[in-house]
Amino acid sequence: MLKIFITMIFLALGSFAYVFSGLPDAQDMNQLKLMSASQVYDIHGELIAKLFEENRVVVPLNKMSPYLIDAIIANEDTRFYQHRGIDPIGIARALVVNITSGDIAEGGSTITQQLARGMFLNQDRTLLRKIREAILAIKLDVRFSKEEILHAYLNQIYLGEGAYGVEAASQAYFGKSAGDLDLSESAMIAGLAKGPIYYSPYNNIERAKERRDTVINGMYLQGYITEAMKADATQEILKIKSKRERSVKASYFLDYVAKELVDLYGEEKVYTGGLKIYTTLDMRLQKIAEQTLKEYQGAVVAINPSNGYIHAMVGGNNYSESQLNRVTDEYRQPGSAFKPIVYATAINKGMKTNTVMVDEPINIAGYKPQNYDNKYRGAMTLKKALRWSVNTVAVKVGQQAGMHDVIQLANNLGLSTITKADEHLATVLGGVSAGVNLLDLSTAYTAFANGGILSKPIAVLEVRNEHDQVLDTFTTQQSAVLSPETAYIMTDMLMGTIYNGTASGANIGREAAGKTGTTDNYETAWFIGYIPDLLVGIYVGNDNRVPTDLSGTQVAEMWGEFMKQAISNKQKKDFSVPDTIIKGIDICANTGELAEANCKDHEYSAFIKGTEPKRFTDKIIEKILPKEEKGSEREKKNKWWFNFPGLPKL
């Protein structure tokens, strides 16, 4: 008999230990810690998206609609404030209802039990789990106040559509904060607790309304609302936010921001720490950028050149199909979009926009660059050569400027993928070994737009923690890489590209500058262009490198359409001109001299004061090619009265 008694004691102790083995210890329950999504805001302070493992935004009870709190208590746990974690009366009532109906119509679990199950246990429908749930609910009720338990429950419960907690659900279904819900909306969300999929308005709106009405009736029976309020709320039409409206916005930009912050804070803090992240994104420009790229594969980035703020980033035309961010992670040959760096190096070394060089067949140590159409047009100024993207002249400029210095400037402008291995003349035309990405190339152009000051791109301005305390602020990083004079002269030359060159489709009726680029076989087409306070880079190119049949000229037209929308609310602004610069000098583009009455190709150029031509013979003739490459054939081609046909648009 004694052996049986001892055995029973051991069995009881073993069962008791087994039951308690699955429960969290006291340390785990010191606080009801909830994972909270980080919220990302645009430059105007508007919420654009959340970063999360579970889509949850934790809010205090006083930030929730009172209707919502009442609806939950009236329908999930009417004796919440009376019981001690479990409710024997509720269990008995549920048992009677279930026996009467012949089905499991009520579960009898209190809000505290549901919280215990959701935070610390699994969803197994076993007797052991129910016992553990009850024990844990009692422990929670002893350790925490009713308000703390209710706060945790309302922020923890899953309510469908990937939303955890009432704030995330309110945003998902109605596009508003939980504190702004009316009675009808509160009742619908409260009703989802019984079955977030079954009662989802997206799956069956009529069923969702019926469940809402049941919740409203429960509130009435419990005395939370009047009969008139009940009647009004049940007649209200549910205005559910469409799923299209809820689609994630600016996905490539969000990935870019998340990567930066994970490197800084770690994944757990970024995705579960409830951070508030204030960014440089301008959703208006972002939408325009997305529309611009809609028909093509490629990328768009919009930057404020004065501070590097990234206002728009589109890394592809379909994020759901490909998460590759082509703004940052796709490297391609830049084509003629690299030429401004070559010309800037030459300007730095004292060459002028009216320096005359000859467009002709050349052979430099076996390198024989050709123009797009294999035609040659004789003598022309550097400005004309750049605006019409003449390859032979660009190569001559690179040879005279020195490729070592060209590469050095490219590096100073942030093009780190261009290395010593690229110190050859093919680089002038964009034939670089590792390619460049759109963000880096666009950033390089900020120095032209910003008086010689390079503005590194910045996406995040401030990060706050879940208590709204500032963790970090971020400021623009800038460096002087060009003199203000060189920067403006380059801008002046690149304005010519738009006014009378390969990028005429980018003419938006105000001062703008930029450069086209088209790689061999139309594999990639570029345009990087800017106005004083906005720089936009676009490339179009298929991932599989199949030709696009688009040139830089056509991408410039895309840029023009983007910019016309972007500037619709912007006051007209011209580029700032340094005091040391004189602009608008009328030059004959084929002679480099001050234009005379018989000049057929005028261009208006900028010079450092004192270097501008003052007489009709003030021109500069090239001294580049070795003597053995000059001859009668070249001299015959280079008569300045030669009739120059228009160049193709590259």
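Biologist: By class, how many nonpolar, polar and charged residues does the lining of the second largest pocket have?

Modeller: This is a predicted model, and its second largest pocket has a volume of about 850 Å³. In all, 32 residues line that pocket. Sorted by class, the lining has 12 nonpolar, 10 polar and 10 charged residues.

Biologist: Nice start! Which element gives the most to the lining of the second largest pocket?

Modeller: Nearest the centre of the pocket lie Ser-36, Val-58, Val-59, His-151 and Glu-466. The elements that give two or more residues to the lining are strands E1 and E2 together with helices H6, H7 and H12. The one that gives the most, with three residues, is H12.

Biologist: H6 turned up in that list, so let us stay with that helix. Are H2 and H6 roughly parallel or roughly perpendicular to each other?

Modeller: Helix H2 covers residues 66–76 and helix H6 covers residues 146–156, and their axes are 12 Å apart. The two pack at an angle of about 95 degrees. Angles of 65 to 115 degrees count as roughly perpendicular, so H2 and H6 are roughly perpendicular.

Biologist: Which residues in H6 do those of H2 meet?

Modeller: From H2 come Ile-69, Ile-72, Ile-73 and Glu-76. By class, the residues of this contact divide into six nonpolar, no polar and one charged. On the H6 side, the partners are Leu-150, Tyr-153 and Leu-154.

Biologist: Now for another helix pair. By class, what residues does the contact of H8 with H9 have?

Modeller: H8 and H9 pack at about 105 degrees with their axes 8 Å apart, and they are therefore roughly perpendicular to each other. H8 brings Leu-183, Ser-184, Ala-187, Met-188, Ala-190 and Gly-191, while H9 brings Ala-208, Arg-211, Arg-212, Val-215, Ile-216 and Met-219. Counted by class, that makes eight nonpolar, two polar and two charged residues.

Biologist: Let us turn to the cysteines. How many residues apart in sequence are the parts that the disulfide pair ties together?

Modeller: The structure holds one disulfide, formed by Cys-588 and Cys-599. Cys-588 lies in strand E17, and Cys-599 in the loop between E17 and strand E18, so the pair ties together parts whose separation in sequence is 11 residues.

Biologist: Last one! What is the handedness of the disulfide, given the torsion about its S-S bond?

Modeller: The sulfur atoms of Cys-588 and Cys-599 are 2.3 Å apart. The torsion about their S-S bond is about 100 degrees, so the disulfide is right-handed.

How values were computed. Residues are numbered from 1 along each chain as its sequence is written. This is a predicted model: local features need pLDDT of at least 70, side-chain atom pairs count only at pLDDT 80 or more; totals for chains, interfaces and linings use all residues. Side-chain values use heavy atoms; hydrogens and water are left out. Axes are lines fitted to C-alpha atoms, for helices over the stretch in contact, and angles run from 0 to 180 degrees between N-to-C directions. Helices (H or I, at least four residues) and strands (E, at least two) are DSSP runs, numbered from the N terminus. Angles under 35 degrees count as roughly parallel, over 145 as roughly antiparallel, 65 to 115 as roughly perpendicular and the rest as oblique. Contact means heavy atoms within 4.5 Å. Ala, Val, Leu, Ile, Met, Phe, Trp, Tyr, Cys and Pro count as nonpolar, Asp, Glu, Lys and Arg as charged, and the others, Gly among them, as polar. On a 1 Å grid over the protein atoms alone, a cavity is a set of points where a 1.4 Å probe fits but cannot get out, and a pocket is an open set with protein on both sides within 12 Å along at least five of seven lines; lining residues have an atom within 4 Å of a point. Grid points are joined across faces, edges and corners, and a volume is the space filled by probe spheres set on the points. A disulfide is a pair of cysteine sulfur atoms within 2.5 Å.
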